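Biologist: Please take me through this model, starting with the fold and then the place where its domains meet.

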Amino acid sequence: MPAALRPYDVVLIGGGIMSATLGILLKHLEPSWSIAVYERLPELGAEASAAWNNAGTGHSGLCELNYTTENPDGSLDITTAAAVNEQFQLSRQLWAALVEAGILGKPTSFINPVPHMTLVQGIEDSQFLRHRHEKLSEHPLFASMRFSSAAKTIEEWAPLVARGRLPSEWLAATRDITGSDVDFGALTRQMFTYLETAGVSVHLRNEVRGLRQNNDGSWQLRIHHHTDNDRITHRVDARFVFAGAGGWALKLLQNAGLPEVQGYGLLPVSGRFLRCDNPELVDLHDAKVYGRAPAGAPPMSMPHLDTRLVDGRRSILFGPFPGINPRFLKHGSILDAPGALRPNNIGPLASMLKGNTSLAWLLASQVASTRRKKFAALREFAPDARTADWVMITAGQRAQIVKPDPVRGGVLQFGTEVVAAQDGSIAAVLGASPGASTAPAILLEVLERCFPRYRTLWAPRLRELMPTLGMSLGADPRLARYTLARTAEALGLAAPEPSA
């Protein structure tokens, strides 16, 4: 494969939702820029973005308990939940704009309305959930959330969850009909289909193996093109490089000698789910029901019973069951984690592990967990679940960020983080949830940090796609309700309900 005659303006590494979204934004902002995409697998959106490699939750803080924290004085901090929801509204606006422009297909091909619920047991957790609802429902983006501790109401909301319970069991739940299920794999592929028609060069079975900065500040990429019988090495230059390659991005930045990632490490976490396709049960469940995670567990360990709609077919997932796996990608190598060790990150990683023994024990115990124990966890959500109706599937890999810390040596950071060179010539996204759900907001940060001189020029163009960009929906109830209703109509989602 011949090298480009001139440097590409942009090279995107990885064929997932992050690269697809950044490609869409850049093509809208600068249609004349040359863009190339390099994906190591033979298909796009096949790693963490693939439908069955994640739970498809449109993360918006509606059901995830880890986005709200209880302060020592008993007050509740909803800052993170509100921020995540604001970010997800930008995602909804972008997707709605792309549907209206004919760039994306029918909304049902990638997003569907599914209520988001939180379920807890016991009096203490029920009081916490009631308090959480009272606090969140005051916010305009959570005005559709409802709370109940009545068994009959919970049964109406989620029959599969309520069926088979003892009358003495104390349950409480919240439900928000504005929630959604997202097939990020389908969304990714539709975005790339458009990008190819817009002149973006997409190269499959091409693995970026090295990065070296040229004297003029551009980057030279060493790429292995894998054919059925051979491997061809070639090189291309790029003025800007973005690594949207999951955990593999850290290794790329390390190989590029980027000082900004010194001390960074990753804790790779695998995930498995129980999946049910039995129509009799699937018809009883129309919700994503989240519960509490075990103490010390990462956010991706929150147990949840999810309605999924993939390729027009409904299923139910339960999990996840996290474990330790040295691969940074599902189709990665067992040498990924050892290969990312450096003298500057061994200390932070060791300190993190020392300070998170409960997490290490949880991951190790999940690896050794029997099928019987996994079904026992399922029956806490669906008491009548039968083993014959469920099969175990392997989901994608997640890589949690470990950062150096002057006090604790190293800390495990949940969430997603942008890492960029000081000169703005290269950037990457590291971390996990909420990840794909808030990709537009994450990639707006990439644009802000890497292209600051374009800020004024691009602002009105970005608002063509995301009209409320730069505004706070939480501070403007009328705008929040209008925005929710407009994107719901465009995407076929449930319209917001009036405040209770």
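The questions and answers below concern a predicted model.

Biologist: Which radius of gyration does the protein chain have, against that of a compact globule?
Modeller: The model is predicted, so the value describes a computed fold. A compact globule of 500 residues would have a radius of gyration near 23 Å, and the chain agrees with that. The C-alpha trace spans about 70 × 50 × 50 Å along its principal axes. The chain's own radius of gyration is 22 Å.

Biologist: How many helices and strands does the protein chain have?
Modeller: Both kinds of element occur in the protein chain. The count is 15 helices and 22 strands.

Biologist: What separates the centres of domain 1 and domain 2?
Modeller: The domain assignment gives domain 1 as 58-179 + 475-499. Domain 2 is 263-418. Taken over C-alpha atoms, their centres are separated by 22 Å.

Biologist: What area is buried between domain 1 and domain 2?
Modeller: In this interface, 23 residues of domain 1 are in contact with 21 residues of domain 2. Carbon and sulfur atoms give 61% of the buried area. The area itself is about 2,000 Å².

Biologist: Which residues of domain 1 lose the most area to domain 2?
Modeller: Three residues stand out on that side. Together they make up 30% of what the domain 1 side buries. They are Val114, Leu160 and Arg163.

Biologist: Which residue meets arginine 163 in a salt bridge?
Modeller: Side chains of opposite charge can pair when their charged atoms come close. Across the interface of domain 1 and domain 2, the rule finds two salt bridges. The side chain of arginine 163 is in a salt bridge at 3.7 Å, N to O. Its partner is aspartate 384.

Biologist: How many residue pairs are in polar contact between domain 1 and domain 2, and which element of domain 1 gives the most to the touching side?
Modeller: The count of pairs in polar contact is seven. Strand 5 (111-113), strand 6 (116-121), helix 3 (123-136) and helix 5 (159-162) each supply at least two residues of the domain 1 side. That side divides into twelve nonpolar, seven polar and four charged residues. With five residues, the element that gives the most is strand 6.

Biologist: How many residues apart in sequence are the parts that arginine 461 and glutamate 30 tie together?
Modeller: A search of the whole structure finds 17 salt bridges. In one of them, arginine 461 pairs with glutamate 30, the closest N and O atoms being 3.6 Å apart. Arginine 461 lies in helix 14 (residues 455-465), and glutamate 30 in the loop between helix 1 (17-29) and strand 2 (35-38), so the parts they tie together are apart in sequence by 431 residues.

Biologist: Where does the cis peptide bond from glycine 319 lead?
Modeller: Its omega is near -5°. The bond runs from glycine 319 to a residue in strand 17 (residues 313-324). That residue is proline 320.

Biologist: What phi does arginine 205 have?
Modeller: Arginine 205 lies in the loop between strand 10 (201-203) and strand 11 (206-213). The residue is not a glycine, yet its phi is positive. The value is about 55°.

Technical notes:
Residues numbered from 1 in each chain as written. Predicted model: local features only at pLDDT ≥ 70, side-chain atom pairs only at ≥ 80, totals over all residues. Heavy atoms only, no water. Domains from an automatic or database assignment. Contact = heavy atoms within 4.5 Å. Buried area = accessible area lost by both parts, 1.4 Å probe. Salt bridge = Lys/Arg side-chain N within 4 Å of Asp/Glu carboxyl O. Polar contact = N/O pair within 3.5 Å; in protein donor to acceptor, adjacent residues only side chain to side chain. Helix = DSSP H or I, 4+ residues; strand = E, 2+ residues; numbered from the N terminus. Nonpolar A, V, L, I, M, F, W, Y, C, P; charged D, E, K, R; others polar. Rg over C-alpha atoms; globule rule 2.2 N^0.38 Å.
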